Amino acid sequence: MSRPRPKSSPELEGPGSPPCMADEFPEYFGGVPEEGPVLAPEIEAALNALLEAERAGAKVLAVLRDGLDPRSPVRELLARLQQDEGANAVLLYKTIRRLGGAPSHDTGAFVGRTLAIEGLVPRLEFLNRGQMWVVKRIAELLPRIDDPVAGEMLETMRVSHLDNIAACESLLKGL
């Protein structure tokens with residue numbers, strides 16, 4: 001049985017689908033609004049460096065996690081840390097776009113450097129140094145951020161990294 005078609009009305013006239021009107025709604029369809037905030041190049045570069053580092057951290061943690069026995073308690077912690085890194089990457093990407101910048105699609109060199117290290121313990125120690133690098137970069141960047149939402153996101157990310165460093169240090173003591 002077919003459904004009856006709705007009667008035509010004036011508000012239904014015009015383009016038949018949202019893609020036909022994509023140029024009228026740039027933010028919705030992935031564009032940057034023509035009018036809006038302009039991100040200073042040095043702030044954009046710093047945010048992109050953090051984005052690339054978070055993306056690299058998420059990849060490293062996924063590799064380390066997947067190399068462990070599924071029943072390992074270490075795997076559970078690495079999965080939580082990996083989710084944090086991935087969520088931070090998404091937030092940074094969205095923040096850069098919202099502020100009028102162009103988010104990087106690169107992944108930091110941290111992946112290759114970490115995976116070149118032999119053994120889980122040395123890799124986790126290197127991972128913690130990478131997390132501390134992010135904490136320091138955020139601390140340097142925060143005073144230069146004028147957008148309160150971006151500042152709050154970065155501060156939350158900084159605290160999250162400090163918590164993750166502490167969790168990783170605790171894990172390392174038990175290994």
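**The largest pocket and the helices around it**

In this predicted model, the residues lining the largest pocket split into nine nonpolar, five polar and four charged. The volume of this pocket comes to about 280 Å³. Its lining is made up of 18 residues, and those closest to the centre are Ala53, Phe110, Arg113, Gly130 and Trp133. Three elements each put two or more residues into the lining, namely α1 (41–66), α3 and α4.

As for the overall fold, the protein chain is built with five helices and zero strands, so the run of elements from the N terminus simply reads α-α-α-α-α. Of its 175 residues, 37% count as buried. Contacts in the protein chain lean towards long range: taking those with a separation of 6 or more, 73% are between residues 24 or more positions apart.

Helix α4 is a good place to look next. With 22 residues, α4 spans 31 Å from its first C-alpha to its last, close to the 32 Å expected at 1.5 Å a residue. Its buried residues are Arg123, Leu124, Phe126, Leu127, Asn128, Gly130, Gln131, Val134, Val135, Ile138 and Leu141. An α-helix has 3.6 residues a turn, so residues three or four places apart point the same way. The cover over the buried residues of α4 includes α1, α2 (73–98), α3 and α5 (148–174). Gly130 turns up twice here, as one of the buried residues of α4 and as one of the residues closest to the centre of the largest pocket.

Now for the aromatic rings. The count of aromatic pairs comes to one. The ring centres of Phe110 and Phe126 lie 5.2 Å apart with their planes at 10°, and because planes under 30 degrees apart count as stacked, this pair is a stacked one. The pair links distant parts of the chain, with Phe110 in helix α3 (residues 110–115) and Phe126 in helix α4 (residues 120–141), 16 residues apart. Phe110 and Phe126 are both buried. Phe110 also ties this pair back to the largest pocket, being among the residues closest to the pocket centre.

On the other side of the story sit α1 and α2. Arg65 belongs to helix α1 and, at 18% relative accessibility, counts as buried, because the cut-off is under 20%. Setting aside neighbours within four places in sequence, Arg65 contacts Arg75, Leu78, Ala79 and Gln82. Arg75, for its part, is found in helix α2. With a relative accessibility of 22%, Arg75 counts as partly exposed. Not counting residues up to four places away in sequence, Arg75 touches Arg65, Asp66, Leu68, Asp69 and Pro70. The C-alpha atoms of Arg75 and Leu64 are separated by 8.1 Å, with their positions eleven residues apart along the chain.

Ala62 is another residue of helix α1, and its relative accessibility of 15% makes Ala62 count as buried. Between the C-alpha atoms of Ala62 and Gly86, which are 24 residues apart along the chain, the separation is 10.0 Å.

Notes. Residues are numbered from 1 along each chain as its sequence is written. This is a predicted model: local features need pLDDT of at least 70, side-chain atom pairs count only at pLDDT 80 or more; totals for chains, interfaces and linings use all residues. Side-chain values use heavy atoms; hydrogens and water are left out. Rings of Phe, Tyr and Trp (its six-membered ring) pair if their centres lie within 6.5 Å; planes under 30 degrees apart count as stacked, over 60 as edge-to-face and the rest as tilted. Helices (H or I, at least four residues) and strands (E, at least two) are DSSP runs, numbered from the N terminus. Buried means under 20% relative accessible area, exposed over 50%, partly exposed in between (1.4 Å probe, protein chains only). On a 1 Å grid over the protein atoms alone, a cavity is a set of points where a 1.4 Å probe fits but cannot get out, and a pocket is an open set with protein on both sides within 12 Å along at least five of seven lines; lining residues have an atom within 4 Å of a point. Grid points are joined across faces, edges and corners, and a volume is the space filled by probe spheres set on the points. Ala, Val, Leu, Ile, Met, Phe, Trp, Tyr, Cys and Pro count as nonpolar, Asp, Glu, Lys and Arg as charged, and the others, Gly among them, as polar. Contact means heavy atoms within 4.5 Å. The expected span of a helix is 1.5 Å times one less than its number of residues.
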